[in-house]
Each structure stands twice: as structure tokens, then as C-alpha cells.
Amino acid sequence: PPETRAAAWARPRSGPAPVTDVAKLCVCDLLVAQCDVNCCCDPDCSAADFSLFTTCSVPIVTGDSRLCSQKAATYSLDVEANPPERIFKLTDQVNPSVFCIHATNYKQALSFRPPEMPTSENFDLFLKRFGSAAFSAKPDSWNMNTDAQNPSDANETYRYEYGVPIQTADAFLRLPSPVVSSWCSDANPAGFLVNQATKCTRSVSVEKCSNIQAVSMLFYINSSILAVPKSSQMVNITVQSIVVQSLNGMRTLLNGSDVLRPPVTLDELCINIVLGVSYHITYTDAGEIIEAAASFVLGAITKEALSIQQSFDISFTQVNTTPVPLSGNPGYVVGLPLRAGFQPQGYPFPTEILFAALNTNKYSQLTILQSTSNQDCLAAQGARTPILFGYNMISGCQLRITAAMKCQPLTQTLLDLLKGQSFPEYVASFGNSQAQNVLDWVPIIHLRTSEQSDNERMYNPFQSACQIPISLEIEVKWTKYGSLVNPQARIVNVTATITTTTLKQLPPGRERTIPVTSSVVFTDISSPAEPGYKAWPTINIKLPFDFFFPFV
Amino acid sequence: LSSLPLQILFYINGIYYIFYFLVTLAMIVYKSQVFGYPDDFLACDLALLFIMAILEVLRLYLGSKGNLTEEEAPLGLSLAVTLGSVVLSVYFLVWQTYVLKADVILNSVLLCAYGFESVLKVTAIAAFVS
């Protein structure tokens, strides 16, 4: 009947009664009605089982050892007997300390507090206290703290701080990212000053492509950003540039990119699908956002496509500054590009010395020739790859020399090819060297060697030989600088060696192919570190001059 | 004539009681740190220890004065206060929240001292009355 059931629910059910008899207590007895291996106190084990044990996992069971005298049950295996048998002894253990507990008059002194059992009356209270992901011992104090904080915030001016989600008119600026699996989740807010780049997968279909919000440009520039949190000042997101990617992967930058392009179905394709968004936020040092721009990559999908991969990133720039990416702080980090620059005219006059175009312009980095698939030096488009610290690189191409080529233009072309358009003069010795500290920059030393041996040169001393450069080797010597536990990489010397070879005049109609190589080698010239130990302190005691006055 | 053994016993009791008081106080502090000691039990034990100290001072003063001036009234009063001290000592021996072995030793010695003193006080009173 329901009344008795309700009554039974209301009565608090207590846990099982605690076992205090040491002879009956067995913590290794886990299997019910079965013998546990190596458990000497298990009552389910017979003498035959004991003979198979190797050791006793629980050798002794005692009460609280702080009592003056308590019962102890010891279990051991007598391995000398044949078959081995278990020995069980019930002894009295005496605590010899003078501070052992003789008696207690406080019942709960030496045992754990029994937990409160939930009943239908106190269930709601327990749910409120323990139902969330974390709970503290004093739940009431949490509520009081948050109430006290809110009134004091009213007069504060708000501003964005690092990591705070960027607020928009309705919610937060979203940066879709993969959560658990690789599918896009739109609930990831962008944090202020947190540069993020994410890639995730979105499911699409050509039929419904104009209905899917997340592939349309409007979704990403719809909401306007609040300039400071909890304010009414809005900053609209402008479209900075649109790049259209064709089905075979070729990208073209569109002119006049202010127009919003919604996805449209065209024949069997759906074009203007958003494949990537790049947000650029400009902020002031007071924590206010003043500009927001988004660059889009739009693509097209065919009928068979079921999902596309979208990539998103966000970067922050302080207003009126140009960011100079550091390659380490202070030592170079492996994998970051070498920082290089030029010395402006007018040095060493004490004007402000600023190295021009540091790394913000791609063409003033230290770069080497990038090998292309067709391996023809003269047809190379001028593709260059920046030199990354710690990565030894080698690249090259094949040079086809015909009889018609003249020496001087060929030399100049090869020199341009090997060194690039603007080969810098100085390399920063630390990853964060400032342009104003001239001593922090290492000049590049240029060397020229010839491939021919001395003997050959002696045979033809007077022939005006044409020397063409065919190899550039940049050797960067670096050392470990700083503390033993956290050494920083510091560039000490950069040497660019150009190897030339003699171009022998070819008979007309003949061709020759010579390989042209360029390489970068990083050499660690740090001397082995010796740890220095401090000298033992010495006790410096001297008696005063006239200590033995009457006698000395 | 004043009882000399009684006076010696009073003097030794005084020194022993100072020692007893300090050690018992230190042990209550130790117990409160090492074991779980609810606040009301702790307050009860400390209060009784201080009451016992006051009673002891009173008892020794009255007894010593009565013995030296050979008057039976202060000695009788001292005997009555001894009863209270005995009860408190038995509390610390048996009914305290945590009774350690050191407590047992200290309180047993104190009770023996009280026993001897009581006997000597009774004989002194008998001597003074007659």
C-alpha cells in the first residue's frame, strides 16, 4: 500500500553496522563465497587453498594504534611446513608511549563520522549542496561573497582584459572550433588578445546551401562588437578582403570587396561558401576595441560534397603600432625565422639608428632559394623560403649553360638567384633584439672561394677566366647563453661563402648543365658549461689587537 | 604542636601541583591538535582544570595556615576543599574526554598525596582539639 511505502521512504536508512572485531575484519576478502588469492584472513578459504598461497597480502589487522592496548590479529604463512599452512594469532598489542590513549569518553573520537543518509525530507537540501560539479564545505559563504561584489562594480569603468570573451550585441564573438570530434561548434567565444586559429568540419549539401547559416558571409559579420563590455558603443565588422578559391584550389583576390556575397546555387555547384574567416581586431591600450575587420575565403562545392573544412583565426593589433614578430625572448626559438636587417645611411653619426624594414616586409628576411619542381634556375619564379633557426637547409637547381651566354650578366643573375633581391647586412643575435641596440646585431661576413685547386690556377694564370658563383653556403654559429638550466640561443657569427667556378667557353651549339646549390648550416659553438659552486663560507674570527693586554 | 610531616607534604604538594597543572594544560593542547576535540568538550575540560587550580591554592593556604597556627577551623575547611579536589582529580582520571597514560600516572600520584594529607590533617585536628 502506498502509505507504508511512503513511510519507509521517509525513515532514514542507515548504512551497515561497523565491524570492530579484528578477528572478523578482512579487507582483502573481495569475492563473496569465493577464496581470494593471497588473502590469509578470508573465511571462504580452506586449508587446501592456503597451501597454494605465496604470501599474505594483509599480514596484520589492528585497531587504532594510538590506544594503550589493543587487539591485533596476525596472519602469516608457515612455508617450512609441508604443505604450507596459515598461522592465525590473536594478540594484544601494547603502545609503549606515555601518551597512548588509556580511555575516551567521547564516542566518535576514533572512528569516521557516519554519513547522512538522504530521505525524502532532506533530499532537496542535499541536491542543492552537492548537486553541482563542485561543492565546498561551507556552501552558504559562496552566496554572500557574490552579492557583496556586485554593487561595488557599478561605478567601475569597464574594459576588456586578457582572456575575457569579446561581447557582441546578442552574445559573444564566435570562433567556431572543433569540440570533442572535428565537427564545428559555434559556442566557442573569442577571447580578447588571445590569438587563436581553429579548423573544423561543417556538413553541407548543395540543395540546402543557401539555408545553412554557417556557410554564409552574413553569419560572421552580422553582429557588431561592443567596444567595451556592458556598453552600448558598437563596432561594426567590416569586410577587409575576399579571396575566391576555385574547385581546383587556385585562389584569387577580388577587387572591390565590400559587397556581401550570399551562397547561390549555380548549375550543380553552390558558390560563395565560406571556407575561412580571418578576424583582425584593433584595440587601444585602455582595453577598448576600435576596429574589427574580417577577411574571407569563399569557395564552391559540388553535388557530391557532404562536408567542408572551415578554418578560422583571429589576431589582435594595438592601434598605431606595427607588430614585429619576435623570434624568441631572448634566445632564438628553434623553427622561428632569423631576424635580419640593413643599416641605414648615416651610421655612425649619432642619429637615431633604426634598422629598416625588419621582418614586417617579407623581402628583407634572410632567405634562401627554394627548390621548384622544374629545377631550372633561370625559369625559377624567385620563390624563396625564410631561414628558420636551427633548421639546416639545402636547396638547389640546375643551370643550363649555352654558348650564347655572356659571363657578366650570367654572374649577376646567379648572384641574384642565390642571394635574393635584398640580402640583408646584419642578423640579430637575440630573438628579441631591438633595432636601436646596434651591438645586438651581428654583421654578415662575406667570403669567396673558388672551386678550382691552386694547381689549376697556376697553369692558367693569364687567361681571363670567367668565374660564376654556383654555391652559397651560409654558416650560422650560435652559442648557448645564460643560465645552465635555461640556456638561450644567441647567434655569434654569420658567414656567407660564395663558391665560384670557372666558366669554360663552350663550342657553339653545345650545352652544359651545372648544379647550383645554396645551404644553411647552424653550428653550436658553445663551450661546455661548468657548473660553478659557491665557496664554503669561512668563519673569520680574529681576537682584538689588545686582547692579552697586560701580558703582550 | 604543628605537624611537621603535614607541613612538608603541603610544600611538596605545592610544587607537584604546579608541575601537574602545566603538564595537564600542555596535554590538553596536544590532544586538541592531534585528536578531534569538539569545542564544548574542550571548554569543559579547561574550565575544570582552572577551577581545580583555584581550589588547590585555597586548600594549601588554609591547611598551611591552620597547621602553623594550630587552629582546627582552617584545617577543617581545608579538608572539605580536599573533597572537591579529589572529585576533580577523579574526573581527570576517569571522565575526561581523552585519558592518556600520562594522565593516569599524574592523577594517581595526586590522589595518593591527597590521601596522605587527609590522614595527617585528621590526626592534626585531633591533636589540636584535645
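**Exercise 1. Annotated spans**

Which residues of chain B does UniProt list for "transmembrane region"?

*Solution.* The unreviewed UniProt entry lists residues 6-30, 42-62, 74-94 and 106-129 of chain B under that name. UniProt positions follow the numbering used here, feature names are shortened, and annotations may be inferred rather than shown by experiment.

Some ground rules come next. This is a predicted model, in which local features need pLDDT of at least 70 and side-chain atom pairs count only at pLDDT 80 or more, while totals for chains, interfaces and linings use all residues. Residues are numbered from 1 along each chain as its sequence is written, chains are lettered from A and ligands numbered from 1 in the order in which they are written, and side-chain values use heavy atoms, leaving out hydrogens and water.

Now check two of the spans. Residues 6-30 of chain B are 100% helix and 0% strand, and their end C-alpha atoms lie 35 Å apart. Residues 106-129 of chain B are also 100% helix and 0% strand, with 34 Å between the end C-alpha atoms. Helices (H or I, at least four residues) and strands (E, at least two) are DSSP runs, numbered from the N terminus.

**Exercise 2. Two chains side by side**

Set out the elements, burial, contacts and surface of chain A and chain B.

*Solution.* Start with the elements. Chain A has 7 helices and 24 strands. Chain B has 4 helices and 1 strand, in the order α-α-α-β-α from the N terminus on.

Next, burial. Buried means under 20% relative accessible area, exposed over 50%, and partly exposed in between (1.4 Å probe, protein chains only). In chain A, 33% of the 552 residues count as buried. In chain B, 44% of the 130 residues do.

Then contacts (heavy atoms within 4.5 Å). Take those with a separation of 6 or more. Residues 24 or more positions apart supply 63% of them in chain A. In chain B the share is 78%.

Last, surface. Accessible areas come from the Shrake-Rupley method with a 1.4 Å probe; for residues, only the protein chains shown count as cover. Chain A has an accessible surface of about 35,800 Å², of which 56% belongs to carbon and sulfur atoms. Chain B exposes about 6,400 Å², and carbon and sulfur atoms supply 80% of that area.

**Exercise 3. Disulfides of chain A**

How many disulfides are there over all chains? Then work through the pairs that include A:Cys26, A:Cys28 and A:Cys35.

*Solution.* A disulfide is a covalent bond between the sulfur atoms of two cysteines. The rule here is a pair of cysteine sulfur atoms within 2.5 Å. The count is 8 over all chains.

- Pair one: A:Cys26 and A:Cys41, with sulfur atoms 2.0 Å apart. The S-S torsion is about 75°, so this disulfide is right-handed. A:Cys26 and A:Cys41 both sit in the loop between α1 (2-10) and α2 (47-50) of chain A, so the bond ties parts 15 residues apart in sequence. Both cysteines are buried.
- Pair two: A:Cys28 and A:Cys39, with sulfur atoms 1.9 Å apart. The torsion is about 80°, so the disulfide is right-handed. Both residues lie in the loop between α1 and α2 of chain A, 11 residues apart. A:Cys28 is buried at 13% relative accessible area, and A:Cys39 is buried at 0%.
- Pair three: A:Cys35 and A:Cys45, S to S 1.9 Å. The torsion is about 95°, so the disulfide is right-handed. Both cysteines lie in the loop between α1 and α2 of chain A, so the pair ties together parts 10 residues apart in sequence. A:Cys35 counts as partly exposed at 24%, whereas A:Cys45 is buried at 10%.

**Exercise 4. A nonpolar patch**

Which residues make the nonpolar surface patch of about 470 Å²?

*Solution.* Apply the rule. Patches are made of residues with over 30% relative accessible area and no salt bridge; like charges are joined within 9 Å, nonpolar side chains (Val, Leu, Ile, Met, Phe, Trp, Tyr) within 5 Å. A salt bridge is a side-chain nitrogen of Lys or Arg within 4 Å of a carboxyl oxygen of Asp or Glu.

The members are A:Val98, A:Phe99, B:Tyr30, B:Val34, B:Ile105 and B:Val109. Helices α1 (4-34) and α4 (101-129) of chain B each give two or more of them. B:Tyr30 is in helix α1 of chain B and is partly exposed at 34% relative accessibility.

**Exercise 5. One lysine**

Place A:Lys89 in chain A and list what the residue touches.

*Solution.* A:Lys89 is in strand β3 (residues 85-94) of chain A. Its relative accessible area is 46%, so A:Lys89 is partly exposed. Leaving aside residues up to four places away in sequence, A:Lys89 touches A:Ala72, A:Ala73 and A:Thr74. A:Ile60 is 29 residues from A:Lys89 along the chain, and their C-alpha atoms are separated by 9.5 Å.
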